[in-house]
Amino acid sequence: MAEREHGLAEAIKLASNEAPFGPLPSVRAAVARATDDLNLYADHRATALREALAARHGLDVERVTVGCGSVGLLQQLALTYLDPGDPVVFGWPSFEAYPVFASLTGASALTVDLRDHTNDLAAQADRVDERTKLVLVANPNNPTGTAVGLAEVRALLERVPSSCIVVLDEAYREFVTMPELGDPLPLLDEFPNLVVLRTFSKAYGLASLRVGYGFGHPEVIAAVDSTLIPFAVNGLAQAAALASLDADDEMRERVAGVVAERGRVRDALLSLGVAVPDAQANFVWLPLGAASADLALALEQQGVVTRGFPDVGVRVTIADATRNDRFLEAFERCHGG
Ligand SMILES: *Cc1c(COP(=O)(O)O)cnc(C)c1O
């Protein structure tokens, strides 16, 4: 689209936090094998995948769900827990799907400003009362890339009533390097209102296939499952996800490459005077305020498609070194000029 609009030979897309590489050979082969069964309905519950995820995380399978992307699971959670007028609390700016699902169900979104570009879980807890049905925490946060530690998550859970579901959306968990992140899964025993969402879209590079997963109390999982559109997680997606779990080492190697590039890009931007906050996901956040929309447009005119949030900032996905260099060169031209 940018190519057509600006008459460019080849634009690069750094706008959707996609993986910069194609599928692993073993995953591609599993998908190819699964095409033998395209005439058949796949397992609605994705049982084999649930069992593999349960085994990997040492949880009962009743605590595991699989959905059509973690966005699909967010929609299921909204359908399960939100009625018109119900308050739902989340930080802002955060994932753009949150207000969409809130308004879809007629719920009322209570947004809480970030503090230092980071989810302020104490302030979010302040907004929760007996009527609040959901708190949504993207960790790391999209679009700012910052993360909060396990101690803050626990403190939030200790403060909200058990009738309020706390969703920890860990779409970018695999990219996090800060040790404070910890593992929230042991908290599931203590807090039956905790739901943890993860996805194969980002670190595993399967965005096109739409498969995400979640962990929670068996009753919560059963309620969420009851809203799944029949066969929403297709057979190719299930096969790819299962094969991906067997290719964890390769995934980690690829993620390590993205993390190294993230550090390099962030350092370059810092040295150019951009106050990029700590980056814990596969993107960097340029908090440029009023200049954001113009920068995103200027980058696009040079064939570098990023995600501009007018008056707030610009989010740039980390890709491979070549594309990252193209972004940095374009940025220097826009910024300097
Ligand atoms: C990308 C992203 C997701 C993942 O969506 P899928 O539906 O699994 O592709 C979920 N949450 C956040 C915050 C994201 O940025």
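Biologist: Quick recap first: Ala, Val, Leu, Ile, Met, Phe, Trp, Tyr, Cys and Pro count as nonpolar, Asp, Glu, Lys and Arg as charged, and the others, Gly among them, as polar. So how do the residues of the shell around the ligand divide?

Modeller: There are four nonpolar, five polar and three charged residues in that shell. This is a predicted model, where local features need pLDDT of at least 70 and side-chain atom pairs 80 or more, while totals for chains, interfaces and linings use all residues. Residues are numbered from 1 along each chain as its sequence is written, and side-chain values use heavy atoms, without hydrogens or water.

Biologist: Which residues are around the ligand?

Modeller: Around the ligand (a heavy atom within 4 Å of it) you'll find Gly-69, Ser-70, Val-71, Phe-95, Asn-142, Asp-169, Ala-171, Tyr-172, Thr-199, Ser-201, Lys-202 and Arg-210.

Biologist: Cool! Which helix gives the most to that shell?

Modeller: Helix 4, residues 69-81, with three residues. Helices here are DSSP runs (H or I, at least four residues), numbered from the N terminus.

Biologist: And how far is Arg-210 from an oxygen atom of the ligand?

Modeller: One of the polar side-chain atoms of Arg-210 is 2.5 Å from a ligand oxygen. For Lys-202, a polar side-chain atom lies 3.4 Å from an oxygen atom of the ligand. Asp-169 has a polar side-chain atom 2.7 Å from a ligand nitrogen.

Biologist: New topic: where is Ser-271 found? Buried or exposed?

Modeller: Ser-271 belongs to helix 11, residues 248-271. Its relative accessible area is 62%, so Ser-271 is exposed (over 50%, with a 1.4 Å probe and protein chains only).

Biologist: How far apart are Ser-271 and Ala-151 in space?

Modeller: They are 32 Å apart, C-alpha to C-alpha, and 120 residues apart in sequence.

How values were computed:
A polar contact is a pair of N or O atoms within 3.5 Å; within protein, one must be able to donate a hydrogen and the other to accept it, and residues adjacent in sequence count only if both atoms are side-chain atoms. Helices (H or I, at least four residues) and strands (E, at least two) are DSSP runs, numbered from the N terminus. Buried means under 20% relative accessible area, exposed over 50%, partly exposed in between (1.4 Å probe, protein chains only).
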